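Hello,

Here is the structure I said I would pass on. My notes on one sheet and on the confidence of the model follow below it.

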Amino acid sequence: MSEIGRRHSPAGSRSAAGRIAASPLAWIMAFTVIAVAGLMLPLRLPLGPNAWDTVVYLDAIQRIGLGQVPTIDFFAPVGPLGFYLAAALDAVFPHAQPMLLINWALLPIMLPALALIAGEVSRRSRPQALALVLPFLLFAALPINLHALYPSPGFDGYGFYNRHVALLLYLLIATLIFTQRRGLQIALVAVLMLALFLTKVTGAVSGTLLVGYATLSGRMRFRDAAAAAALVLLALGVLELATGLSSAYVLDILTLLGLNTGTLLPRFLTVASVKFNVIGPSLLLLAALAYVTWRQGLPATLAGWRALADAPIGWFAAGLFALALFETQNTGSLEFIGLWPIVLPLLLDWWERRDDRMRPVVLVLVLAVTLPSAVICAERGMRALMSAPSYVALDVPDLGPLGRVSVKPDIAARAAAMLDHYATQPEGYRDLLRRDILPSYILYSEIDYQATWMLEIQQAIGAIRAWERASKRELNGFFTFDFVDPLNVLLQRTPPRVVPVGVDPGRSTPDLEPGTLEALRQTDAILMPKCPVTTPREMIRSHFAAALEGRERIALAPCWDMYLKK
């Protein structure tokens, strides 16, 4: 690993187009231009599973615009960085399709970091730099997870912060392995670790393991790692003095730890089963590298063992463990893409070992580890893009950019029919509620349900506007007994403070804070969606039941009850 990128590429005469195509920075610039265009255009994207997760960000963006601070004024299941960067992009591109806006929220940090890494590696080998840049851009391009939850093509409206962390870990690993200038390495490690911590703390845990391993193996000097850590702590200290956000975020992390209990072993087994297409070849590759190491003879000195730790087998084992640890806490991600910067030098090394009998075994296993992720990402993205022309727009004119989605014509018809069915046949769903089961085991991952949910929100907006006209009263804000609440964003009303964004019973719904009930009592309308009634909706209602005291219940629409402040 210590000789990564030492060899220079042969120079030769190439056309201007060829030189541009071989330039990593040109690819980054082209990607940036395309992303900006994508945010400016009124694009309509194929609807995917769990699409309502985008509202968590839209809710946070509105609250930030009103002066609320994540983790201080409202509880959030993840760090504040993604919310603030999404809010900044929203200020520049207010009509952007939300899935693209949120998916690309961290690009203002990630693309400059990628450019710095590419510039560093290009000094030694431009092909290696290109080999680091192109996979990153592939995985960053579209809102795609590497594990499909629904068979129909569509873009994944969930797992944004997990994808952000996976991309940040890719950059961190590339920095630790390929960056040789100390100042640049320290700066990049500090920026990326700070971004990881402020995006999702489990990503920072994996990042800390990787930086610690780099120090142990000699890839990064201890004083350099300490300097990077000091910069991170300094930044968090400044943030704490300015806003109090750092300590509030830590308290939220502790709250989440209390809400999410369980042992790690079952989660590791889940990751191994879901991503066996990567885990299986990875374990075989580790076995092959262990055999090669044993064949060459194990080290006899401490220095020899440290050199082995910095060898491909050591880095691959460390990277696989750190990335697997992060994935135990996720649903939806770009799982294990961070292995590519580790196996790239391994691939280059074994490509030149023409006389080694293990060469074909190692090369095939390297491809088996890396190709599935790239193929799945490209395949899922192209399926969604190629299917889009045959899809139809969902009839949700009042949802703004959130409603710029499309579905198969039969799913659009089914969504409308199911909304009517839920409203006219409630008894069967009340029976399911009594049995504590959902109408479908993967209800929220089903695209037709996500389409029905959007139609349900459209019905609420129409009903609220009609009620306000008839009553000559404009409601000051809303709170909905559901996972997400887009009504304040869509109707430009004020959301209550001290209320979580993304109310997930048992996972991200802490005990009521002082001031929560008072904030809800100052909110004019509390809404109960009923199409269908579900266990999570009823659990949320029970959690906030005290806020209903003294309110008048109004049958607002077939799918909605409104509890009105008198």
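The part to look at first is an open sheet of four strands, in the order E4-E5-E7-E6, with mixed pairing. Strand E4 (478–480) and E6 are at the edges and have a single partner strand each, so one side of each has no neighbour in the sheet. From one strand to the next, the twist averages 25°.

As background, strands of a sheet pair through backbone hydrogen bonds, and the pairing is either parallel or antiparallel. Both senses can be found here, as the pairing is mixed.

The parallel case is E4 with strand E5 (residues 525–529), joined by three bridges. To find this pairing on screen, start from Thr480, which stands opposite Leu527 in E5.

The antiparallel case is strand E6 (residues 552–557) with strand E7 (residues 560–564), which pair over five bridges. A hairpin of two residues leads from E6 to E7. For a fixed point in this pair, take Ala555, whose bridge partner in E7 is Asp561.

Now the confidence. This is a predicted model. The protein chain has an average pLDDT of 93, and 96% of the residues score at least 70. Over residues 4–13, however, the pLDDT is below 50. That stretch still has 19 contacts in the model beyond near neighbours in sequence. Where pLDDT is low, the predicted coordinates should not be read in detail.

Regards

Definitions and conventions: Residues numbered from 1 in each chain as written. Predicted model: local features only at pLDDT ≥ 70, side-chain atom pairs only at ≥ 80, totals over all residues. Heavy atoms only, no water. pLDDT = per-residue confidence, 0-100. Contact = heavy atoms within 4.5 Å. Pairing = 2+ DSSP bridges. Axes fitted to C-alpha atoms, helices over the stretch in contact; angles between N-to-C directions.
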